[in-house]
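User: Hi! I have a protein model open at my bench and would love to talk through its charged pairs, its helix and its core. Could you help me read it?

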Amino acid sequence: ALGANAMEWNTTGSRNVAIGDDTLLGSTGETTSSDNTAVGSRAMYDNTTGAYNTALGTSSLQSITTGANNTSLGYQSGYSNVTGSGNVFIGYQAGYNETGSNKLYIDNSNTSSPLIYGDFDTNTLTINGSLNIQDPTADGHAASRRYVDRLASIAAVLDTRMPAPGKTNRVTLNAAGIHNQSAIGLSIVGLFEDDIDRTWDYSIGVAVSNDETMTKAGLGFSW
């Protein structure tokens, strides 16, 4: 313990680290907490029996008494939590007013709607804002809606319909769009017969949407 009054009231607790004035003080009297790390003035100030907590930052987890297994990083992060356990607070005043357990707060204010909020009991994650996902560049990457919409637009403009009756060639220029993602495509389709009266059909197409390009070619025959 380093700092004025650090761990002043701890009696039988062990394996604690307290750095800073009034850290792990135990303001209400005798404390027996163990396995805590508190760094910063008044970090875990009120702790009595809480264990396995990590508090980094001035007044981080200041009000905790019996809560355990909390991780709190940032000035006054997790400040008001008294008995909660299993929380993760990251950022300036993150989770300041949270009094429950097994919650995740990532923000730089004391808001109750942090940029990233999680509930470990239900395994849910909430993003309070816009989440921008990079378009995939490898097989294992998740696809953004923008990327999927581009591919859908590209597929829509590749036209392989046969020429009109009595005609042997068809050239088509198509455009399509969805959710502000558009594509343009050029398709050429034709028919011809070989010297043994087999009818062949062919198709060639190319479509572009932003920086995505798709090409298509086909060859078949009928008899």
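User: Which residue forms a salt bridge with arginine 198?

Analyst: Happy to help, and please keep in mind that this is a predicted model. Arginine 198 is partly exposed at 30% relative accessibility, while its partner counts as buried at 19%. The closest N and O atoms of the pair are 2.8 Å apart. The partner of arginine 198 is aspartate 194.

User: How many salt bridges are found in the whole structure?

Analyst: Side chains of opposite charge can pair when their charged atoms come close. One such pair here is arginine 198 with aspartate 194. A search of the whole structure gives a total of 8.

User: How many residues apart in sequence are the parts tied together by aspartate 35 and arginine 15?

Analyst: These two form a salt bridge, with their closest N and O atoms 2.7 Å apart. Aspartate 35 sits in the loop between strand E1 (17-19) and E2, whereas arginine 15 belongs to the segment before E1, so the pair links parts separated along the chain by 20 residues.

User: Is arginine 15 buried or exposed?

Analyst: The cut-off for exposed is over 50% relative accessible area. Arginine 15 has a relative accessible area of 60%, so the residue is exposed.

User: Which residues join into one network through salt bridges that share partners?

Analyst: Start with arginine 170 and aspartate 159, which form a salt bridge with closest N and O atoms 3.8 Å apart. Arginine 170 lies in strand E9 and aspartate 159 in the loop between H1 and E9, so this pair ties together parts 11 residues apart in sequence. Arginine 170 is partly exposed at 24% relative accessibility, and aspartate 159 is buried at 8%. Through shared partners, salt bridges make one network of Asp159, Arg161 and Arg170.

User: Aspartate 46 has no salt bridge; how far away is the nearest side chain of opposite charge?

Analyst: Aspartate 46 is in the loop between strand E2 (37-39) and strand E3 (54-56). This aspartate is buried, and among the residues it touches are Gly26, Ser27, Gln62 and Thr65. A salt bridge needs the nitrogen and the carboxyl oxygen within 4 Å. The nearest side chain of opposite charge is arginine 42, at 6.3 Å.

User: How far apart are the end C-alpha atoms of helix H1?

Analyst: Helix H1 covers residues 145-157, which makes 13 residues. At 1.5 Å a residue, they should span 18 Å. The model agrees with that expectation, with the end C-alpha atoms separated by 19 Å.

User: Within what arc do the buried residues of H1 fall?

Analyst: The buried residues of H1 are Tyr147, Asp149, Arg150, Ser153, Ile154 and Val157. Looking down the helix axis, they line one face, because they fall within an arc of 165 degrees.

User: Which strands do the buried residues of H1 pack against?

Analyst: An α-helix has 3.6 residues a turn, so residues three or four places apart point the same way. On the face of H1 turned away from the buried side are the exposed residues Arg145 and Ala156. The buried residues pack against strands E9 (169-178), E10 (181-193), E11 (199-209) and E12 (212-222).

User: Which members of the largest nonpolar core touch the most other members?

Analyst: This core has 13 residues. Apart from it lies another core, of 5 residues, including Ile154 and Val157. One member of the largest core, methionine 44, is in contact with Leu24, Ala38, Ala55 and Leu61, among others. Those touching the most other members are Ala18, Leu24, Ala38, Met44, Ala55, Leu61 and Phe89.

User: What is the phi of leucine 61?

Analyst: Most residues other than glycine have a negative phi. Leucine 61 has a positive one; this residue is in the loop between E3 and strand E4 (71-73) and is buried at 0% relative accessibility. Its phi is near 50 degrees.

User: What separation do the C-alpha atoms of tyrosine 202 and valine 189 have?

Analyst: Tyrosine 202 lies in strand E11 and is partly exposed, with a relative accessible area of 23%. Valine 189 is among the residues that tyrosine 202 touches. The two are 13 residues apart along the chain, and their C-alpha atoms are separated by 5.7 Å.

Conventions
Residues numbered from 1 in each chain as written. Predicted model: local features only at pLDDT ≥ 70, side-chain atom pairs only at ≥ 80, totals over all residues. Heavy atoms only, no water. Helix = DSSP H or I, 4+ residues; strand = E, 2+ residues; numbered from the N terminus. Buried < 20%, exposed > 50% of the residue type's maximum accessible area, 1.4 Å probe, protein only. Lys, Arg positive; Asp, Glu negative; His and termini not counted. Contact = heavy atoms within 4.5 Å. Expected span 1.5 Å × (residues − 1). Arc of directions from axis to C-beta. Core = buried A, V, L, I, M, F, W, Y, C linked by side-chain atoms within 4.5 Å.
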